[in-house]
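This report looks at chain symmetry, one sheet, two backbone angles and the cysteines. Have the sequence and the model at hand.

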Protein chains: 4
Amino acid sequence: MIIMHKDATQEEINHVIAEVQKLGFKADVSRGESITIIGVIGDERNIPFHQLSILPGVKETRMIETPYKLISREYNADHATNRIIHAGEVEIGGKTPVYIAGPCAIESKAQLFRIAEEVKKAGAHILRGGIFKPRSSAHSFQGLGAQGDSEAREALTWLRDAGRMFEMPTITEIRGETKVELIAEYVDILQIGARNMYDQDLLGVVARQGKPVLYKRHFGASVEEFLSFSEYLAVEGNKDIILCERGVLPTGKGKSFTRYTLDLAAVPAIQEETYLPVIVDPSHATGRRDLVYSMSCSAMAAGASGLAIEVHYNPAESWVDAAQAITADELKNIIDTCNRLHALAVENRKKAFNKPGR
Amino acid sequence: MIIMHKDATQEEINHVIAEVQKLGFKADVSRGESITIIGVIGDERNIPFHQLSILPGVKETRMIETPYKLISREYNADHATNRIIHAGEVEIGGKTPVYIAGPCAIESKAQLFRIAEEVKKAGAHILRGGIFKPRSSAHSFQGLGAQGDSEAREALTWLRDAGRMFEMPTITEIRGETKVELIAEYVDILQIGARNMYDQDLLGVVARQGKPVLYKRHFGASVEEFLSFSEYLAVEGNKDIILCERGVLPTGKGKSFTRYTLDLAAVPAIQEETYLPVIVDPSHATGRRDLVYSMSCSAMAAGASGLAIEVHYNPAESWVDAAQAITADELKNIIDTCNRLHALAVENRKKAFNKPGR
Amino acid sequence: MIIMHKDATQEEINHVIAEVQKLGFKADVSRGESITIIGVIGDERNIPFHQLSILPGVKETRMIETPYKLISREYNADHATNRIIHAGEVEIGGKTPVYIAGPCAIESKAQLFRIAEEVKKAGAHILRGGIFKPRSSAHSFQGLGAQGDSEAREALTWLRDAGRMFEMPTITEIRGETKVELIAEYVDILQIGARNMYDQDLLGVVARQGKPVLYKRHFGASVEEFLSFSEYLAVEGNKDIILCERGVLPTGKGKSFTRYTLDLAAVPAIQEETYLPVIVDPSHATGRRDLVYSMSCSAMAAGASGLAIEVHYNPAESWVDAAQAITADELKNIIDTCNRLHALAVENRKKAFNKPGR
Amino acid sequence: MIIMHKDATQEEINHVIAEVQKLGFKADVSRGESITIIGVIGDERNIPFHQLSILPGVKETRMIETPYKLISREYNADHATNRIIHAGEVEIGGKTPVYIAGPCAIESKAQLFRIAEEVKKAGAHILRGGIFKPRSSAHSFQGLGAQGDSEAREALTWLRDAGRMFEMPTITEIRGETKVELIAEYVDILQIGARNMYDQDLLGVVARQGKPVLYKRHFGASVEEFLSFSEYLAVEGNKDIILCERGVLPTGKGKSFTRYTLDLAAVPAIQEETYLPVIVDPSHATGRRDLVYSMSCSAMAAGASGLAIEVHYNPAESWVDAAQAITADELKNIIDTCNRLHALAVENRKKAFNKPGR
């Protein structure tokens with residue numbers, strides 16, 4: 001990274017960017033209140049730091065060892081500022097938590113619209129609905145989108161229309177590079193599922209759509225790996241990345257009583273490392289309807305910026321992941337409680353450790 | 001387990017107990033408001049259920065498949081009732097959360113008394129202090145207790161006296177079967193550390209002291225294993241067991257940014273399975289001072305019955321685990337916030353799922 | 001699955017296949033010496049078994065619970081027969097082990113040809129060379145293929161030509177759905193790396209090229225998951241799948257001394273479940289040059305069908321994964337020793353457990 | 001550690017030892033062909049290296065960072081020499097592998113003697129038999145030893161007598177500090193099971209019996225932790241430690257098809273770090289009779305110094321762990337094959353990497 005002098009001119013900054021590009025690299029610019037930092041993107045073995053450090057206006061050049069640079073607080077020109085991501089009218093990463101809700105899989109227009117109406121009333125901000133489902137068995141239902149392009153378009157239209165009708169931006173999971181553009185036509189936030197966390201090429205295609213990305217941690221990934229692969233989104237110039245913790249592999253022999261182990265300490269730990277917002281998915285993490293409430297509260301108390309929750313008017317009939325869906329009534333209680341918990345926990349966190357902005 | 005008729009007489013109950021004992025087993029009696037259940041303790045391959053089921057007053061006999069029987073809600077005569085454990089004036093598992101605080105290791109009388117005074121003022125209920133320390137290196141400081149019996153007695157006396165002076169029951173970790181009786185002479189609650197979770201013989205000796213036991217989950221144990229080994233305490237007739245979640249092995253390559261992965265979903269999951277109270281240790285779980293606040297809040301929102309937190313007036317000088325100790329000021333903020341979070345989360349949990357008593 | 005009568009006519013078999021297709025499913029036919037089995041591929045909730053079971057020539061229909069059906073021994077008409085996969089003149093899964101060797105990443109034409117010549121002399125059968133490299137950091141060298149399409153074609157041409165010159169079929173790793181056809185033009189075996197194990201859409205595209213696929217287990221996947229996702233290849237009609245064990249996440253705090261934990265018991269365990277060949281990659285598993293010999297021997301003694309090993313004439317200079325490459329001399333010693341170990345272990349395995357064909 | 005001059009006199013060495021002891025530490029002496037090293041045992045924060053480095057005959061003093069010092073090759077005066085451990089006539093860690101065999105649990109005198117005779121004929125060197133069984137359920141059979149002291153003595157007598165009759169040293173697992181002396185009266189090698197790996201106090205008591213110790217790795221322990229806790233045996237002055245790999249926690253969701261994941265790369269990795277012998281237990285690792293052969297072969301090819309295998313004349317009737325016991329016939333085939341595999345693998349290992357003595 002190249003740190004510019006406080007009084008570097010815009011001309012000097014432009015000159016540095018041009019030089020970086022001439023050398024075959026991409027430049028990423030982070031402007032803070034008092035300083036500007038230019039990140040150099042490319043194979044880091046070949047960056048000629050010496051050459052760059054003597055350009056006019058350059059204060060110093062520094063090699064950042066960590067594989068996540070562009071998304072790190074250290075690199076950010078304003079260390080203490082969090083990134084707020086906009087999807088329609090909704091702000092993710094701001095002062096109040098954001099709730100994403102909807103069915104695991106879209107089953108029909110009627111099902112989606114009914115659930116959309118219910119979650120809106122319950123207080124949700126963003127509407128989710130699965131159209132392309134990654135499944136562990138090749139012989140399971142793979143989502144309406146898997147049945148053909150016209151079925152996919154139809155379901156995407158429902159999602160877009162339900163979002164418009166109930167005034168919520170929409171989100172759905174991407175599956176397969178070739179579907180990205182189609183999906184981006186219809187939805188506001190593109191979700192990369194846990195199993196695709198490592199799929200660097202998919203990450204590139206998704207990031208290049210220029211829309212916010214909800215990026216889920218793989219269940220076998222450390223926090224460091226999660227952040228390092230997030231960087232594959234950022235190097236495409238898209239930093240509208242919402243990180244999502246959804247549980248890691250359980251430990252030990254015998255029953256864990258939850259589908260995954262929700263790693264809530266990762267929430268504040270990630271917030272220390274990066275300025276990106278972190279949300280939590282208690283539905284997939286626990287796989288148990290009766291634990292969604294507790295883990296929602298817990299995530300909020302940990303300081304998460306939001307929740308993604310699966311809702312169905314008749315959970316037992318849900319085609320996919322029936323064991324973890326809750327009703328809109330339950331969602332309402334969660335949202336009401338969580339808003340208060342979040343305010344309480346975040347307010348006193350600032351007091352305790354005197355960390356402005358986090 | 002033997003379920004007695006509602007109107008079974010005390011004589012019939014006594015007769016069944018006597019028969020169980022005659023057959024070479026131990027009997028564990030659980031009396032509910034309306035029914036009485038008698039557990040049969042011993043090698044389960046040899047229990048003659050047929051013979052027992054025809055005794056007068058017996059309604060039915062049932063084999064419980066799970067290895068944890070005596071501590072399970074299913075076995076308990078009053079399913080919905082939680083066990084409240086008494087240590088001095090303190091109730092663990094009741095309506096309000098309990099805070100255990102103190103130094104990781106007792107370093108001197110002055111250090112202990114100063115910290116005891118501070119944590120009492122901050123709102124702590126129980127005083128902790130390590131005297132026998134299990135360490136991962138044989139070449140590290142093993143606690144004052146390891147220096148000899150007189151040093152051990154001296155440190156134990158300090159702990160007892162500090163507890164008396166500042167009106168807090170005390171707790172310290174057990175290390176080694178031969179030290180159990182000595183420690184039980186001085187302290188109110190006996191702690192079995194995570195690394196000793198599987199040590200069945202130690203569990204037996206500790207349980208037989210008749211004092212409350214704080215029992216920590218091993219970092220490689222599933223919830224099922226944790227509960228199954230708790231049963232080794234219960235079969236000794238001691239059900240004053242406080243379960244403690246303190247983090248499991250992190251997943252994935254690279255840095256996890258926390259020492260262990262705190263499994264907070266285990267808190268409500270365990271509460272479904274057993275009537276015993278569950279507390280959380282955010283200090284060892286994260287190994288990071290700056291995450292203790294967030295994980296304390298998170299644990300409370302998950303419904304934990306209390307917290308165990310390491311406190312030092314000068315964390316950086318702490319002989320053991322310096323990176324995770326917090327100050328009493330920080331503790332006070334945590335306790336104040338956590339009390340409110342706990343009340344909020346537990347109150348609405350009941351509303352949401354209509355689960356009386358949990 | 002539909003099991004046909006022993007004396008079912010070809011006409012009856014064709015009729016069943018036609019009916020399956022008319023119902024909107026795909027049919028997969030497994031012909032054994034005495035029986036024929038027809039697998040029904042599609043969303044398993046909707047298969048009308050009753051309707052199919054009364055067709056002429058059908059002996060019985062059976063729902064296979066496991067998510068891996070087409071690749072299971074149970075489904076296979078000849079349970080005891082292993083699948084032999086052909087790549088050029090090389091047989092994978094036959095009586096003698098197969099050795100895949102070459103550089104981790106192709107660095108230049110000269111580098112590749114020199115290594116190709118050396119590994120051929122050492123006894124290798126198949127030439128590997130990375131062109132598109134999945135890397136954990138977005139700022140690392142991503143392979144020559146990542147530099148552009150013409151660079152990719154050039155490197156692929158080198159690989160094809162080196163394979164022809166030294167008479168070895170070739171293999172390289174796929175990265176990204178859009179590159180699959182390009183790569184399939186040039187190489188004989190398509191490799192899906194561990195990080196892409198869960199990428200169902202990539203699996204589909206790769207399988208449809210009709211070439212043998214080397215499929216690596218993800219480091220966070222159980223054996224069951226590995227086999228379940230292999231099924232995504234098989235449902236495309238491509239059963240030329242070479243499974244590859246390359247290590248899972250290490251357990252425990254502190255150093256494991258190897259990059260991953262090589263799960264060698266998975267080799268015979270997988271051989272029980274499926275008729276597909278299993279090979280082992282000791283280079284990535286250990287990440288240590290000095291352990292490649294031992295783990296190669298160990299894999300062979302476990303009954304693996306082959307090894308994939310990274311070789312460089314100057315390991316220390318290797319651009320990628322320098323710590324794990326060995327020299328061709330070391331490879332020669334490994335191949336000579338492993339051939340003898342494999343013969344010895346497999347021969348006596350048959351004697352011991354009387355399992356013909358495995 | 002204190003490295004003495006080549007020509008340091010015995011008097012100088014004794015003087016250094018005396019000084020170390022005067023300072024309140026224990027001294028551990030390692031004499032090589034040309035040099036002598038004195039290890040200082042105690043709380044390493046307090047060792048006055050300066051004071052020791054100026055004593056006559058001292059060449060240099062060095063702080064070893066690793067928590068395993070006394071068992072490390074680095075510390076050993078002859079780096080390349082492996083430790084050979086003697087139990088009766090049997091050498092563990094020598095040129096030929098050693099086979100420990102017998103029933104999981106001793107069920108009766110007849111059962112033990114019959115199995116002892118059979119395994120001796122099959123080629124076993126050491127007789128194992130469980131008397132105190134650590135079990136995951138408090139309601140399972142805990143071994144004959146748990147039924148009382150006289151039953152324990154009786155079973156121990158059988159084991160001793162069977163060992164004498166069939167000329168094999170004996171081994172049994174320790175459970176509980178208070179049983180150590182009793183067991184040490186009767187058996188030749190004391191086994192510390194995986195679940196007790198972290199039990200530092202038990203380790204101390206066992207080591208002080210002065211008999212060889214078979215020490216099993218916990219299923220949640222890294223190699224580094226395993227070695228660090230072995231040090232708790234060594235600091236008692238007992239270096240007759242046989243390390244045993246028996247599998248770690250499986251990774252991933254769904255079935256792993258083996259009870260644990262046998263970490264065979266740990267065998268050569270540990271051999272690099274320490275001079276102690278490493279053996280493998282394929283029975284507990286896999287939990288599957290049909291995989292014992294393959295994993296035995298695999299362990300031998302990895303260079304293990306021996307195997308511990310559970311044998312029963314009628315595996316299906318075995319009271320404990322019935323699924324993993326093999327017959328003596330199967331054992332014989334394993335031993336015959338393994339001897340040849342071991343010779344082949346070890347011989348060529350030396351050739352390959354030119355590592356004398358390993």
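Which residue of S4(B) does Ile3(B) stand opposite? The model is predicted, and in it the residue facing Ile3(B) is Glu60(B).

## The four-stranded sheet

Ile3(B) sits opposite Glu60(B), and the strands around this pair are S1 (residues 2–4) of chain B and S4(B). These two strands run antiparallel and are joined by three bridges. They belong to an open sheet of four strands in chain B, ordered S2-S3-S1-S4, with antiparallel pairing. The edges are strand S2 (26–31) and strand S4 (58–61) of chain B. Each has a single partner strand, so one side of each lacks a neighbour in the sheet.

Neighbouring strands of this sheet are turned against each other by 20 degrees on average, direction ignored. Helix H1 (residues 10–22) of chain B packs on the sheet. H1 touches S1, S2, strand S3 (36–41) and S4 of chain B. The direction of H1 makes about 150 degrees with that of S2(B).

## Two positive phi angles

Most residues other than glycine have a negative phi. Glu167(B) departs from this sign, with phi near 55 degrees. Its place is the loop between helix H4 (149–165) and strand S9 (170–173) of chain B. Glu167(B) is exposed, at a relative accessible area of 62%.

Phe257(B) is not a glycine either, yet its phi is positive, about 70 degrees. Phe257(B) lies in the loop between strand S12 (241–245) and helix H8 (266–273) of chain B. Is this residue buried or exposed? Phe257(B) is buried, with a relative accessible area of 13%.

## Cysteines without disulfides

How many disulfides does the structure hold over all chains? The count is zero. Take Cys104(B): the closest cysteine sulfur belongs to Cys244(B) and is 13 Å away, so it is too far for a bond. A disulfide would need the two sulfur atoms within 2.5 Å. Cys104(B) is also buried, with a relative accessible area of 3%.

Chain C gives its own case. The sulfur of Cys104(C) is 13 Å from the closest cysteine sulfur, in Cys244(C), again too far for a bond. Cys104(C) counts as buried, at 3% relative accessibility.

## Chains B and D

A rotation of 180 degrees, with 0.1 Å of shift along its axis, superposes chain D on chain B at an RMSD of 0.1 Å. That is how a two-fold axis relates copies. Of the residues of chain D, Gly220(D) comes closest to the rotation axis, its C-alpha at 2.5 Å.

Why do the copies meet through the same surface? Because 100% of the interface residues of chain D are also interface residues in chain B.

Conventions: Residues numbered from 1 in each chain as written. Chains lettered and ligands numbered in written order. Predicted model: local features only at pLDDT ≥ 70, side-chain atom pairs only at ≥ 80, totals over all residues. Heavy atoms only, no water. Least-squares fit on C-alpha atoms with pLDDT ≥ 70 in both. Contact = heavy atoms within 4.5 Å. Buried < 20%, exposed > 50% of the residue type's maximum accessible area, 1.4 Å probe, protein only. Pairing = 2+ DSSP bridges. Axes fitted to C-alpha atoms, helices over the stretch in contact; angles between N-to-C directions.
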